[in-house]
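This report describes selected features of the structure shown below. It takes up a loop residue, a helix and its surroundings, a surface patch, charged pairs and a domain assignment in turn.

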Amino acid sequence: MKVNYKPVLTRFFSDPNSHRLNFYLQNGGYKQAKRVLTEMKPEEVIDFIKKSNLRGRGGAGFSTGMKWSFIPKNLGKDIYLVCNADESEPGTFKDRILIENDPHALIEGIIIASYAIGAKKSFIYIRGEFVEQYKILNNAIQESYVSGYLGKNVCGTNYSLDIILHRGAGAYICGEETALLSSLEGKRGYPRIKPPFPAIKGLYESPTIVNNVETLVTVKHIFENGIEWFTSIGTPKSPGPKLYCLSGHVKKPGLYELPLGMQLKDLVFDYGGGVKNDLRVKGVIPGGSSSGVLKDDELDIIMDFESLMAKGMILGTASVIVLNENVCMVDALWNIARFYHHESCGQCTPCREGSGWIEKLLERIERGHGTKDDLKIMSEIAKNMVGRTICVLADALAIPVEHFVKRYFNEFEAHILHKGCPNRQLAASNT
Amino acid sequence: MTFDQRIKEALDKYPTKNSALLPILYILQEKYGTISQIAIEEAAKWTDSSPAFVYGVFSFYTFYKREDEGKYRIWVCSTISCSVCGCKSLYEQIKNYLNLNGVTTTPDGLFTLKKAECLGACEIAPVVQFEDEYIGNADIETIKNKIELIRTNESKL
């Protein structure tokens, strides 16, 4: 069933000029930043976002207002806001499209957030591969400086803010907030032990808030449309609109702006048009490759943070990947394992070695050399990776391992019993 | 602006010299084509650190060009959404077209073909990053045309 919802974040995306400053100003752009800077105190801004119950859109779903309030007062140190635009979770492409189409909404969100936490310098860490998006965002930032929306006296007020656009250079792990800060300091992208959290000791050991692109764009829209608008959308615990990414074997892949708490099957069938070539669904990955997998009879699940957590999965970035009936699930999991092994930073043994062993075991099973103990060994490895590492990259592999094996156990077992993949010709994505 | 001016500008932007290391490596890559030993040593001088430290940082990041890479990169995204949308056969077709047998770079040093991890454009799978440009819903014909265009232009240089 389709829902009655009018897009807000993406409403101008069909216009080829939506990324330009003039277009943005004609549609009420920078009015909220100006209003916030002139009429509100920083604490009031934080309270406003707290009341909206906005939860971070980068994957963890932590309360944005709460995060902002962790910045210590009167420490005498510089405070930084860092926008995480290092979008890399497989299946996810929302931040890329937001930057392409509405870079000024991001800049306005950054102005509001920086003002709220008392930052005078802000960074946008954009993934290296996004060369085109870097140019678009860089142009938008220059336009904002020239027109007085950035730099000294933002919007004619006493508040000054600089934005530094910083390119990453190809490392998934830099999307993890502490790894991102290491990378921004010009080091290898190694995650750091928490606590201390970045709000206490972040960039250059100073209080730092890291927010996702979609989160900051949403902040701007909450100020524009009000808390009532925001909380009237979605579910009580997961309010607001969400950008869902649809990819894989779906007829209409793309970005869909809809309320949080959609039914997964409505997303796949009513919006995505169902499976390409009218094949059947074998599985759906609900929130990016680290989120787990659901079988075709589980698609009535509600897409909010709580419902997926109840299944031992995560909403993540709400990036839905549809797999049709011809997909070999061993092959699909092998592909995912290869990704996390490749992207493990190598600091922690359970992750560095565990992800490698899991990749090797899956390759062996797919190629027909699996033994009857392999599935047990693989589950043991996955279990021993969780909670024993600095960051959650290990969990990001352990979750799909658990759910793929649990839901498609017969298929994994058949590979071992029959010494190979019955589907080899159709699958074959890794070799 | 000269390369040196651009590096100085990058250094001015950040509170610490070391923070400018990633941007400096990008500038030096433009200067030298790849991140060579010379580039590493130069980056170390600009940031007051050692070549060993700079090499350690550089080697962590896949997007910088290695010395053995060709002038143009062809990266075929191979992660899950692209993999179920046919990236494997596309990769094989490009590999055959470029006549790459057991190597990743063409003998003329023009092209390097690689499997990439998720490029973040899953809605247009399969995706190829051709040098800096994303090619969505990529097929062998589009890639062939790009390759031939570059070959023609390069032969005129």
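A:Lys152 is exposed, because its relative accessible area of 72% is over the 50% cut-off for that class. The structure is a predicted model, and the values that follow are computed from it. A:Lys152 belongs to the loop that runs between H7 and E3 of chain A. Leaving aside residues up to four places away in sequence, A:Lys152 touches A:Tyr159 and A:Ser160. A:Asp162 lies 10 residues from A:Lys152 along the chain, and the C-alpha atoms of the two are separated by 8.1 Å.

**Helix H7 of chain A**

Helix H7 of chain A comprises residues 131-146, 16 residues in total. From its first C-alpha to its last the helix reaches 23 Å, close to the 22 Å expected at 1.5 Å a residue. Which residues of H7(A) are buried? They are A:Val131, A:Gln133, A:Ile136, A:Leu137, A:Ala140, A:Ile141 and A:Ser144. As general background, an α-helix has 3.6 residues a turn, so residues three or four places apart point the same way.

The buried residues of H7(A) pack against several elements of chain A, namely helix H5 (94-101), helix H6 (103-117), strand E2 (121-126) and strand E3 (162-167). Strand E3 (128-130) of chain B also packs against these buried residues. Just after H7(A), A:Gly148 adopts a positive phi of about 85 degrees.

**A nonpolar surface patch**

A:Phe62, A:Met66 and A:Phe70 make a nonpolar surface patch of about 280 Å². Of these residues, A:Met66 is placed in helix H4 (residues 64-69) of chain A. A:Met66 counts as partly exposed because its relative accessibility is 37%, and that class lies between the 20% and 50% cut-offs.

**Salt bridges**

Side chains of opposite charge can pair when their charged atoms come close. Over all chains, the structure holds 36 salt bridges. Three of the pairs in chain A are listed here.

| Salt bridge | Closest N to O distance |
|---|---|
| A:Glu185 and A:Arg192 | 2.7 Å |
| A:Glu411 and A:Lys282 | 2.9 Å |
| A:Arg367 and A:Glu363 | 2.9 Å |

In the pair of A:Glu185 and A:Arg192, A:Glu185 is buried because its relative accessible area of 7% is under 20%. Its partner A:Arg192 counts as partly exposed, with 24% relative accessibility.

The side chains of A:Glu411 and A:Lys282 also meet in a salt bridge. This pair links distant parts of the chain: A:Glu411 is in helix H17 (residues 409-417) of chain A, A:Lys282 is in strand E8 (residues 281-285) of chain A, and the two are 129 residues apart. Are A:Glu411 and A:Lys282 buried or exposed? Both residues are buried.

For the salt bridge between A:Arg367 and A:Glu363, both partners fall in the partly exposed class. A:Arg367 has a relative accessible area of 42%, and A:Glu363 has a relative accessibility of 26%. Elsewhere in chain A, salt bridges that share partners join A:Arg11, A:Glu108, A:Lys220 and A:Glu224 into one network.

**Domains of chain B**

For chain B, the domain assignment gives domain 1 (3-58) and domain 2 (72-156). The C-alpha centres of domain 1 of chain B and domain 2 of chain B lie 29 Å apart.

Key: Residues are numbered from 1 along each chain as its sequence is written. Chains are lettered from A and ligands numbered from 1 in the order in which they are written. This is a predicted model: local features need pLDDT of at least 70, side-chain atom pairs count only at pLDDT 80 or more; totals for chains, interfaces and linings use all residues. Side-chain values use heavy atoms; hydrogens and water are left out. Domain bounds come from an automatic or database domain assignment. Patches are made of residues with over 30% relative accessible area and no salt bridge: like charges are joined within 9 Å, nonpolar side chains (Val, Leu, Ile, Met, Phe, Trp, Tyr) within 5 Å. Accessible areas come from the Shrake-Rupley method with a 1.4 Å probe; for residues, only the protein chains shown count as cover. A salt bridge is a side-chain nitrogen of Lys or Arg within 4 Å of a carboxyl oxygen of Asp or Glu. Helices (H or I, at least four residues) and strands (E, at least two) are DSSP runs, numbered from the N terminus. Buried means under 20% relative accessible area, exposed over 50%, partly exposed in between (1.4 Å probe, protein chains only). The expected span of a helix is 1.5 Å times one less than its number of residues. Contact means heavy atoms within 4.5 Å.
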